[in-house]
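Biologist: Could you take a close look at one part of this model for me, the cavity, and then walk me outward to the strands and loops? I'd like one connected account.

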Amino acid sequence: MTEKELRGKVVKTAQAYLGCKESDGSHRKIIDGYNAHKPLARGYLVKYTDSWCATFVSFVAIKCGITDIMPIECGCGAMIELYKKLGRWKENDAYRPAEGDVIMYDWDDNGKGDCTGYPEHVGIVTAVNGDEMTIIEGNKNDSVSYRKLQVDGKFIRGYCLPDYAKKAGKAASGTSSKPASSAAGKPASGTKEQTYTVKKGDTLSKIAAKYGTTYQKLASYNGIADPNKISVGQVIKIPGTGTKTYTVKAGDSLWAIADKELGDGSRYNEIKTMNGLKDNTIHKGQVLKLPTK
């Protein structure tokens, strides 16, 4: 994966959660995903009522499997400190951001001189066009939403810069011409990819429920930037299904297994349901059935 592709993956992952909000509880999957990742930053379990902008950025890092270059935190100030330790904190008004950069805000900025106040909010840059950039943020008006801002505009505290080039280089050096296989077990036969034509009154969530998947997965699979916007007549590709087995290892959690084996930690509930688990408790040596990707 190239640096550009990795940056794009981060942005697309964040965009898959556009519209998640507190009012209907859909933001809870983000909080749950963050809390399921261990170890927790500073040992703190984020509450549904907490501010969750940094939690959202960290959740995206967890889902993309890049917490080594995009360290997780639930607080903006603490997140900056982690990037400083990596030498990846940029505090320069002349800096021109790029897709995938993490932007920090200080709402007390008076617009005069260098902004050095305490950071109160954070987001991920999705695009830069001329002197305007678009940012996706968790907890913007209690939801995952976009913001447009002038490059070098007011309220910018600085940028946390994940080392995408370094990560992309490692990924490239570790690639193999052999097809990947899972030691967890061979997938069983399942359905092949299907298609569905959107009808009046359809939502991506309804379509996902019909085929036993999630709207996030359908959005990602079809390259849909905004899951809330589909149109009548649009053809939605439904990924094939099947099952395989996985033997639980020491330190595993349902979230970690879903993230590693399915590429999406938020799918841990699928594993839970498929195996008839009453809670998230699993033990070493336990054999779980998993859906295929």
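Modeller: The structure holds one cavity of 30 Å³ or more, and its volume is about 100 Å³. The lining is made by 12 residues, and those closest to the centre are Asn-92, Asp-93, Ile-156, Gly-158 and Tyr-159. Strand β6, residues 156-160, gives the largest share of that lining, with four residues. Keep in mind that this is a predicted model.

How far can you trust it? The protein averages a pLDDT of 85, and 88% of the residues score at least 70. The stretch to be careful with is residues 175-189, where pLDDT stays under 50 and the model has 14 contacts beyond four places in sequence. Where pLDDT is low, the predicted coordinates shouldn't be read in detail.

As for the setting, there are nine helices and 10 strands in the protein. Of its 293 residues, 45% are buried. If you take the contacts with a separation of 6 or more, 62% of them link residues 24 or more positions apart. On the outside, the accessible surface comes to about 14900 Å², and carbon and sulfur atoms own 50% of it.

Now for the strands. β2 (residues 102-105) and β3 (residues 121-129) run antiparallel, joined by four bridges, and Met-104 sits opposite Val-122 of β3. β3 also pairs with β4 (residues 132-140), again in the antiparallel sense, over five bridges. Here Val-125 has Ile-135 in β4 as its bridge partner. The β3 and β4 hairpin has two residues between the strands, and Gly-130 takes a positive phi near 65° there.

Follow β4 out and you get to the loop between β4 and β5 (143-150), home of Asn-141. Asp-142 is in the loop between β4 and β5 too. What's odd about them is the backbone: Asn-141 has a positive phi of about 55° without being a glycine, and Asp-142, not a glycine either, has a positive phi of about 65°. Most residues other than glycine have a negative phi. As for surroundings, Asn-141 is exposed, at a relative accessible area of 67%, while Asp-142 is partly exposed, at 41%.

One last backbone detail is elsewhere in the chain: Lys-38 and Pro-39 are joined by a cis peptide bond, with omega about 0°. Most peptide bonds are trans. You'll find Pro-39 in the loop between α2 (28-36) and α3 (53-64).

Terms used: Residues numbered from 1 in each chain as written. Predicted model: local features only at pLDDT ≥ 70, side-chain atom pairs only at ≥ 80, totals over all residues. Heavy atoms only, no water. pLDDT = per-residue confidence, 0-100. Contact = heavy atoms within 4.5 Å. Buried < 20%, exposed > 50% of the residue type's maximum accessible area, 1.4 Å probe, protein only. Areas by Shrake-Rupley, 256 points an atom, 1.4 Å probe, with all protein chains shown as cover. Pairing = 2+ DSSP bridges. 1 Å grid on protein atoms, 1.4 Å probe; cavity = no way out; pocket = protein on both sides within 12 Å on 5 of 7 lines; lining within 4 Å. Points joined across faces, edges and corners; volume = space filled by probe spheres on them.
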